[in-house]
Amino acid sequence: MRRSAGGQKQLDEGDLRRRIYLIANLRMSGQIDEMARHFAPDVAMHYHCLNGVFFLPQVLLGRAAFRENIRLFDMEFELLDGEVIDVLLENESAAVRWRSSWRHRGTGRTLALETAYFLSWKNGLIAEAHEYMDYHGIVALAGA
């Protein structure tokens with residue numbers, strides 16, 4: 001980690017890559033509060049590609065809203081496993097492709113889904129994130 005001319009923390013590519021894998025591992029192990037510490041207190045979470053069957057496309061502001069959205073999602077779906085497939089880095093921006101397996105708690109169906117994340121970092125924390133989830137897979141998983 002280094003400091004910019006303005007004194008803000010900046011992560012180098014190695015730091016960013018390690019942080020992305022740490023965040024994925026925290027999500028996998030259910031350590032949501034610890035995972036959320038890697039996001040700015042006023043993080044803007046942009047959820048795309050959700051068709052309204054379960055969740056509406058939306059922008060949530062702040063860690064608390066982010067954690068609550070995960071809680072609501074986890075009430076419907078159980079995360080079975082996951083892995084980071086690709087990470088592309090440029091300055092303090094990252095594109096991440098993640099594959100995960102989920103079980104719908106109501107139907108018992110399981111399915112592997114892919115999700116893409118586009119992350120912007122500021123002062124060593126994720127300041128903005130865009131999530132693009134395979135919503136067709138989520139709908140099939142729930143049997144809707």
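Two strands count as paired if DSSP finds at least two bridges between them, and strands (E, at least two residues) and helices (H or I, at least four) are DSSP runs numbered from the N terminus. With that in hand, let's start at β5 and β6, which run antiparallel and are joined by 12 bridges. One of these links can be found at E83, whose bridge partner in β6 is R99. The hairpin of β5 and β6 has two residues between the strands, and N91 takes a positive phi near 55 degrees there.

A word on the model before going further. It is a predicted one, in which local features need pLDDT of at least 70, side-chain atom pairs count only at pLDDT 80 or more, and totals for chains, interfaces and linings use all residues. Residues are numbered from 1 along each chain as its sequence is written, and side-chain values use heavy atoms, with hydrogens and water left out.

Now look inside. A cavity is a set of points on a 1 Å grid over the protein atoms alone where a 1.4 Å probe fits but cannot get out, and its lining residues have an atom within 4 Å of a point. Points are joined across faces, edges and corners, and the volume is the space filled by probe spheres set on them. There are two cavities of 30 Å³ or more, and the largest holds about 500 Å³. Its lining has 27 residues, with R27, M35, F66, Y117 and E131 the closest to the centre. Elements giving two or more residues to this lining include α1 (13–28), α3 (63–76) and β8 (125–133). The lining divides into 22 nonpolar residues (Ala, Val, Leu, Ile, Met, Phe, Trp, Tyr, Cys and Pro), two charged (Asp, Glu, Lys and Arg) and three polar (the others, Gly among them).

Next come the aromatic rings. Rings of Phe, Tyr and Trp (its six-membered ring) pair if their centres lie within 6.5 Å, with planes under 30 degrees apart called stacked, over 60 edge-to-face and the rest tilted. Of the four aromatic pairs, F73 and W102 are edge-to-face because their centres are 5.2 Å apart and their planes stand at 85 degrees. This pair links helix α3 to strand β6, across 29 residues. F73 has 9% relative accessibility, so it is buried (under 20%; exposed is over 50%, partly exposed in between, with a 1.4 Å probe and protein chains only). W102, at 4%, is buried too. Ring pairs also bring F77 into a cluster with F73 and W102.

Finally, visit A116 in strand β7, which is partly exposed at 23%. A116 touches V96, H130, E131 and Y132 (heavy atoms within 4.5 Å), not counting residues up to four places away in sequence.

Terms used
On a 1 Å grid over the protein atoms alone, a cavity is a set of points where a 1.4 Å probe fits but cannot get out, and a pocket is an open set with protein on both sides within 12 Å along at least five of seven lines; lining residues have an atom within 4 Å of a point.
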